[in-house]
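Me: Walk me through the salt-bridge side of this model, please. I'd like the cut-offs along with the numbers.

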Amino acid sequence: MKHLHCAVFGHNFQIKREVTYFVKEYRCKNCGKEMTINGNGEMVPLTTKYKHINSVLHRVHNKRLEKSQRWLMIED
Ligand SMILES: [Zn+2]
């Protein structure tokens, strides 16, 4: 029944994880289907390939955040 709802009304995506400011992972509340945003800003299914890309992006993103926070501390 849950899948039928998606087929009729479309998926009910919610943000599952923020990878970077621009890239997020989405998960359908009804059927659990997962999507993400690729390099072209298009919504694509969250395949193993994209999961890998996102984990790399997330690591780079976090490193940048750490660096900018360190800089802020130095400026203080
Ligand atoms: Zn769905």
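Reply: Let's fix the burial scale: buried is under 20% relative accessible area, exposed is over 50%, and partly exposed sits in between, using a 1.4 Å probe and protein chains only. This is a predicted model, where local features need pLDDT of at least 70 and side-chain atom pairs count only at pLDDT 80 or more, while totals for chains, interfaces and linings use all residues. Numbering runs from 1 along each chain as its sequence is written, and side-chain values use heavy atoms, with hydrogens and water left out.

Now the pairs. A salt bridge here is a side-chain nitrogen of Lys or Arg within 4 Å of a carboxyl oxygen of Asp or Glu, and by that rule there are four of them.

Start at Glu 25. Its relative accessible area is just 3%, so Glu 25 counts as buried. One of its partners is Lys 16, with the closest N and O atoms 3.4 Å apart. Lys 16 comes out at 38%, so the label there is partly exposed. Glu 25 also bridges to Arg 17, where the closest N–O separation is 3.4 Å. Arg 17 is partly exposed too, because its relative accessibility is 28%.

Then there's Arg 27, whose side chain meets that of Glu 34 in a salt bridge at 3.7 Å, N to O. Arg 27 has 40% relative accessibility and therefore counts as partly exposed.

Don't treat these as isolated pairs, though: Lys 16, Arg 17, Glu 25, Arg 27 and Glu 34 are linked in a network of salt bridges. Within that network, Glu 25 is the buried acid that pairs with Lys 16 and with Arg 17.
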